[in-house]
Amino acid sequence: MSRYDEAARAAAEALVPTVIESVEFRKVALPLRSPFRTSFGTQHVREVLLLKVTIPGAEGWGEVVTTAAPVYSSEYTDGAAHVLEHHVLPRIGAVETVTAHGLAELLRPLRGHRMAKAALELALLDAQLRVAGESLATHLGAVRDRVPCGVSIGIPAGGIPQLEEQVRAYLEDGYLRIKLKIEPGFDVAPVTAVRETFGRDLPLQVDANSAYTLDDLAVFDALDELGLGLIEQPFGEERILDHARLAERLDTPICLDESILDAAGAIDAIELGATSIVNVKAGRVGGYLEAVRVHDACAAHDVPVWCGGMLETGIGRAANVALAALPNFQLPGDTSASTRYFAEDVTEPFVLEDGHLAVPTGPGIGREPDPRFLEQITVDVRTLTV
Ligand code: NPG
């Protein structure tokens, strides 16, 4: 048994199986401070489904990181609510007790829907850790008390001048690396401009969100000249070998995001030569516990990882920052401060200090939403008993 397996077993054994009394489904709409445009669309408001799990002795929170429409992946928010209500909760109701560490196995017969499952697992984990008096960071194996932060910049309506203004402002805020969203027609020119304006030393990477195909090699050959830290998810989620072909051709590392759905898939992609750096998002891989397994699998292959973001509220952000404190998170994440997204966050905000966010130390995720603010931004709320 590896060190990681032993640590995982010890962590799992620390939590006592519990009944789930109820799950609150709360859809909230948080206005974004500025629209966020990627190759798959523009978001003006972060509409997000929050889950509150009640167990004897505690409540816990989780965040469904889906988009409103199935444009990042096949999951979407109302679909996640449906699968949770009609398929996930009945399976939980059918067993006496559950523990966060057993949830993925219990739900294995339900294919996919990883973001929905991940949110429930997080809410249950948060509640169980509050009962146990342990922080999520400690539970997952964190080795740092603060994490270095990058920022992801959407495609600006105002073109290159506005992009450069945003890069300048984020660097002044202290962000340690810049990620630019690209799409066909907005790629080589803006990235070249940013490189020329801010110099070769600026830690810079790009994210295509699956928008290209192997017909676009000329774009990637040009990007390869720009000294980027990585190129993220150039091709479709299923196109693993295409990514391997591109990786073979370029000096710039290819980093997969959408394609990596679990630890076994991460190993496949690494061994096929399709990715040499991995973006870890807990929702995309079905939960924070599987995210740790992805982290461990990458570490075993000497592949560094970093923590992606899905415009999370303070709830998901708290958990992301805990995850990003694990040892193989070697690059700054998309774990930006609350003010990068929202005028007001649902929890105590995450504040950038010297380019870093502090890892929460309280029990569970270490943050609680403000009930009054939650009420103000709630679009829909209902409570289901299990
Ligand atoms: O800082 O949370 C953040 C955003 C980072 O670019 C980012 N997220 O494709 O990775 C992505 C993108 C995203 C955001 C995807 C929201 C889906 C929803």
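1. How far from an oxygen atom of the ligand does a polar side-chain atom of Lys181 lie? In this predicted model, the separation between the polar side-chain atom of Lys181 and that ligand oxygen is 3.0 Å. Two further polar pairs deserve attention: an N or O atom in the side chain of Ser152 is placed 2.7 Å from an oxygen atom of the ligand, and a polar atom of the Met310 backbone is found 3.3 Å from a ligand oxygen. Taken on its own, the ligand has 430 Å² of accessible area, and the protein covers 100% of this.

2. Around the ligand there are 17 residues, of which Ser152, Asn209, Lys281, Leu311 and Tyr341 come nearest. By residue class, the shell around the ligand is made up of six nonpolar, five polar and six charged residues.

3. As for the placement of the ligand relative to the domains, residues of its shell are contributed both by domain 1 (3-133 + 370-385) and by domain 2 (138-358), and the ligand therefore lies between them.

4. The cavities can be considered next. Five cavities of 30 Å³ or more are present in the structure, and the largest cavity, with a volume of about 230 Å³, is lined by 22 residues, those closest to its centre being Phe36, Lys181, Gly309, Met310 and Leu311. This largest cavity is the space taken by the ligand, and two of the residues just named also appear among the polar pairs, since Lys181 offers a side-chain atom and Met310 a backbone atom.

Definitions and conventions
Residues are numbered from 1 along each chain as its sequence is written. This is a predicted model: local features need pLDDT of at least 70, side-chain atom pairs count only at pLDDT 80 or more; totals for chains, interfaces and linings use all residues. Side-chain values use heavy atoms; hydrogens and water are left out. A residue is near a molecule or strand if one of its heavy atoms lies within 4 Å of it. A polar contact is a pair of N or O atoms within 3.5 Å; within protein, one must be able to donate a hydrogen and the other to accept it, and residues adjacent in sequence count only if both atoms are side-chain atoms. Accessible areas come from the Shrake-Rupley method with a 1.4 Å probe; for residues, only the protein chains shown count as cover. On a 1 Å grid over the protein atoms alone, a cavity is a set of points where a 1.4 Å probe fits but cannot get out, and a pocket is an open set with protein on both sides within 12 Å along at least five of seven lines; lining residues have an atom within 4 Å of a point. A molecule sits in a cavity or pocket if more than half of its atoms lie within 2 Å of its grid points. Ala, Val, Leu, Ile, Met, Phe, Trp, Tyr, Cys and Pro count as nonpolar, Asp, Glu, Lys and Arg as charged, and the others, Gly among them, as polar. Domain bounds come from an automatic or database domain assignment. Grid points are joined across faces, edges and corners, and a volume is the space filled by probe spheres set on the points.
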